[in-house]
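Me: I have a structure open beside its sequence, and I would like to learn how to read it. Could you walk me through it?

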Amino acid sequence: VMLLDVDHFKSINDLLGHQSGDRALAQIGRIIAENVRGLDVAGRFGGEEFLVLLRDASRERALQVAERLRGAIETSGIAYADGKPVTVSVGVSYALPTDLTSDVVERADRALYRAKNAGRNRVVEAPLVAI
């Protein structure tokens, strides 16, 4: 599971308007759809967050896809009011056999916040064991 959050999204709405924010989210949604397989599931998870479920993906593949998405969004041409590229932070977690869906999403969310706290525009994976 990957959770992607648009960095500093509020500034897009505040400085460029909500229509620009909506267009940016739509473009990011298209980028995500273009960069995952047909058997994967992706969608908006609320606000400026997106959730991606990679089915039958290894740890290496999940990190590779997360980094590819992060880079594709950064180089897409979507920009903040100051002209700098829009970026995303990504949290990645893995389902264990005993997990509930909420467990996996919660770990991805914690990893996402570590990415934000570490400076944004990065991918952080959740540990495979509880910490």
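Reply: Happily; we will go through the sheet, its strands, the helices and a few single residues. Keep in mind that this is a predicted model.

Me: Let's begin with the sheet. How many strands does the open sheet have, and in what order do they lie?

Reply: When reading a sheet, follow the strands from one edge to the other. Here the open sheet has five strands in the order S2-S3-S1-S4-S5, and the pairing is mixed. Strand S2 (41-46) and strand S5 (123-125) stand at the edges with a single partner strand each, so one side of each has no neighbour in the sheet. On average, neighbouring strands of this sheet are turned by 20° against each other, direction ignored.

Me: Which strands does S1 pair with, and in what sense?

Reply: To read a pairing, look at the direction of the two strands and then at the bridges. Strand S1 (residues 2-6) pairs with strand S3 (residues 49-53) in the antiparallel sense over four bridges. S1 also pairs with S4 in the antiparallel sense, over five bridges.

Me: Which residues are the bridge partners of leucine 4 in S3 and in S4?

Reply: In S3, the partner of leucine 4 is phenylalanine 50, and in S4 the partner of leucine 4 is valine 90. Next along the strand, leucine 3 has leucine 51 as its bridge partner in S3.

Me: Are the residues of S1 buried or exposed?

Reply: In a regular strand the side chains alternate between the two faces of the sheet. That is a good reason to check each face separately. In S1, five of its five residues are buried. Met2, Leu4 and Val6 are buried on one side, and Leu3 and Asp5 are buried on the other, so both faces of S1 are covered. S3 is mostly covered too, with four of its five residues buried.

Me: How do S2 and S3 connect, and how many residues lie between them?

Reply: For a hairpin, look at the pairing and then at the turn. S2 and S3 run antiparallel and are joined by five bridges. Glycine 46 has glutamate 49 in S3 as its bridge partner. The two strands form a hairpin with two residues between them, and glycine 47 in the turn has a positive phi of about 55°.

Me: Now the helices. At what angle do H1 and H2 pack, and how far apart are their axes?

Reply: For a helix pair, take the distance and angle of the axes, then the residues that meet. H1 and H2 pack at an angle of about 140°, and their axes are 6 Å apart. The two helices are therefore oblique to each other. Phe9, Ile12, Asn13 and Leu16 in H1 meet His18, Ser20, Gly21 and Leu25 in H2. The residues of this contact divide into four nonpolar, four polar and no charged.

Me: One of those is asparagine 13. Is asparagine 13 buried or exposed?

Reply: Asparagine 13 lies in helix H1 (residues 9-16). A relative accessible area of 15% is under the 20% cut-off, so asparagine 13 is buried. Leaving aside neighbours within four places in sequence, asparagine 13 is in contact with His18 and Gly21.

Me: How do H2 and H3 cross?

Reply: The axes of helix H2 (residues 18-34) and helix H3 (residues 59-74) come within 10 Å and cross at roughly 140°. That makes H2 oblique to H3. The crossing of H2 and H3 is right-handed. In the contact, Ile28, Ile31 and Ile32 of H2 meet Leu69, Ala72 and Ile73 of H3. These residues divide into six nonpolar, no polar and no charged.

Me: Let's finish with valine 90. Where is valine 90 found, and what does valine 90 touch?

Reply: Valine 90 is in strand S4, and at 0% relative accessibility valine 90 counts as buried. Not counting residues up to four places away in sequence, valine 90 touches several residues, among them Met2, Leu3, Ala66, Leu112 and Val124. A contact list like this links positions well separated in the sequence view. As a distance example, valine 90 and arginine 114 are 24 residues apart in sequence and 9.2 Å apart in space, C-alpha to C-alpha.

Technical notes. Residues numbered from 1 in each chain as written. Predicted model: local features only at pLDDT ≥ 70, side-chain atom pairs only at ≥ 80, totals over all residues. Heavy atoms only, no water. Axes fitted to C-alpha atoms, helices over the stretch in contact; angles between N-to-C directions. Parallel < 35°, antiparallel > 145°, perpendicular 65-115°, else oblique. Left-handed = near helix turned anticlockwise from the far one by under 90°. Contact = heavy atoms within 4.5 Å. Nonpolar A, V, L, I, M, F, W, Y, C, P; charged D, E, K, R; others polar. Pairing = 2+ DSSP bridges. Buried < 20%, exposed > 50% of the residue type's maximum accessible area, 1.4 Å probe, protein only.
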